[in-house]
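Student: I'm new to this one and would like a relaxed tour. Could you show it to me before we start?

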Amino acid sequence: MLYYNKICLGKPEQMTQAVFPEKTHNHDICRKDALANAQRILAERKGRLTPDRQAVLEVLLASHRAQGAYDIMEQIDWRGRRPAPAVIYRALDFLVSHGLAHKIESLNAFMACPHADHAHKPMIMICRDCSQVAEFDAPGIERAISKAAKESGFVPAETTVEVAGLCSVCAGKDAA
Ligand SMILES: [Zn+2]
Ligand SMILES: [Zn+2]
Ligand SMILES: [Zn+2]
């Protein structure tokens, strides 16, 4: 299920508990596999990974941190070109529309999606200490929201579930 994190953790059976990558994980493998996965998904859908889109995706895959559009722009070597921010926003829109990235509303930032193969509603945990972000599965939350909406006659258009706190590594550091 969690491609990107599966590689990181190497323990698929524990994925829903340990969604944040371990400190010692081989991120190089994790990043390369995620990029290959994205290329495969886009090839199947005949989506074009233009150099700008790929550059933006690679910045997102470079870490497990959320990144804002301007941070992304600064990390790309534009070789003398000075693109308008709209170039980044358009690339991000494309990646989000294909499920390869998610927008984190509370941070106005973006993250690469570890499991873009299937449609899903991301629920995101954000570490306030190291700024890493991870997706988690909590179908109960979705059910509770639709039930509450139904009972109150509310028609939900978009659900955003973002939880700020400490990842397991940072929480452990505090306890030590
Ligand atoms: Zn990684
Ligand atoms: Zn996702
Ligand atoms: Zn952390």
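Tutor: Let's begin with a term: donors are N, O and S atoms within 2.8 Å of the metal (3.2 Å for Na, K and Ca), and sites may look incomplete because water is not among the atoms. This is a predicted model, where local features need pLDDT of at least 70 and side-chain atom pairs count only at pLDDT 80 or more, while totals for chains, interfaces and linings use all residues. Residues are numbered from 1 along each chain as its sequence is written, chains are lettered from A and ligands numbered from 1 in the order in which they are written, and side-chain values use heavy atoms, leaving out hydrogens and water.

Student: How are the donor residues of the zinc ion (ligand 2) spaced in sequence?

Tutor: Look at what coordinates the zinc ion (ligand 2): His-102 (NE2), Cys-113 (SG), His-120 (NE2) and, through two OE entries, Glu-135, at 2.0 to 2.3 Å. Written as a sequence pattern, the spacing of the donor residues is H-x10-C-x6-H-x14-E.

Student: How many residues apart in sequence are the parts that His-102 and Glu-135 tie together?

Tutor: Helices (H or I, at least four residues) and strands (E, at least two) are DSSP runs, numbered from the N terminus. His-102 lies in strand S1 (residues 101–104) and Glu-135 in strand S4, so the parts tied together by this pair are separated in sequence by 33 residues.

Student: Is Glu-135 buried or exposed?

Tutor: Buried means under 20% relative accessible area, exposed over 50%, and partly exposed in between (1.4 Å probe, protein chains only). On S4 (residues 133–136), Val-133 and Glu-135 take one side and Ala-134 and Phe-136 the other, with both faces covered. His-102 falls in the same class as Glu-135, and that class is buried.

Student: In which order do the 3 strands of the open sheet come?

Tutor: Two strands pair if DSSP finds at least two bridges between them. S3 (residues 123–127) pairs with S4 in the antiparallel sense over 4 bridges, and with S5 in the parallel sense over 5 bridges. The pairing is therefore mixed, and the order is S4-S3-S5.

Student: Which strands stand at the edges?

Tutor: An edge strand here has a single partner strand, so one side of it is left without a neighbour in the sheet. That describes S4 and strand S5 (161–165).

Student: What is the bridge partner of Ile-126 in S5?

Tutor: Ile-126 stands opposite Val-133 in S4. In S5, the partner is Ala-164.

Student: What is the phi of Ser-131 near?

Tutor: Most residues other than glycine have a negative phi. Ser-131 is in the loop between S3 and S4, a hairpin with 5 residues between the strands, and counts as partly exposed at 36% relative accessibility. Its phi is positive, near 65°.

Student: Where is Arg-79, the other residue I spotted with a positive phi?

Tutor: Arg-79 is not a glycine, yet has a positive phi of about 50°. With 75% relative accessibility, Arg-79 counts as exposed. Its place is the loop between helix H4 (69–75) and helix H5 (85–97).

Student: How far does helix H6 reach from its first C-alpha to its last?

Tutor: H6 (residues 139–151) has 13 residues, and the expected span of a helix is 1.5 Å times one less than its number of residues. The reach is close to that expectation, at 18 Å.
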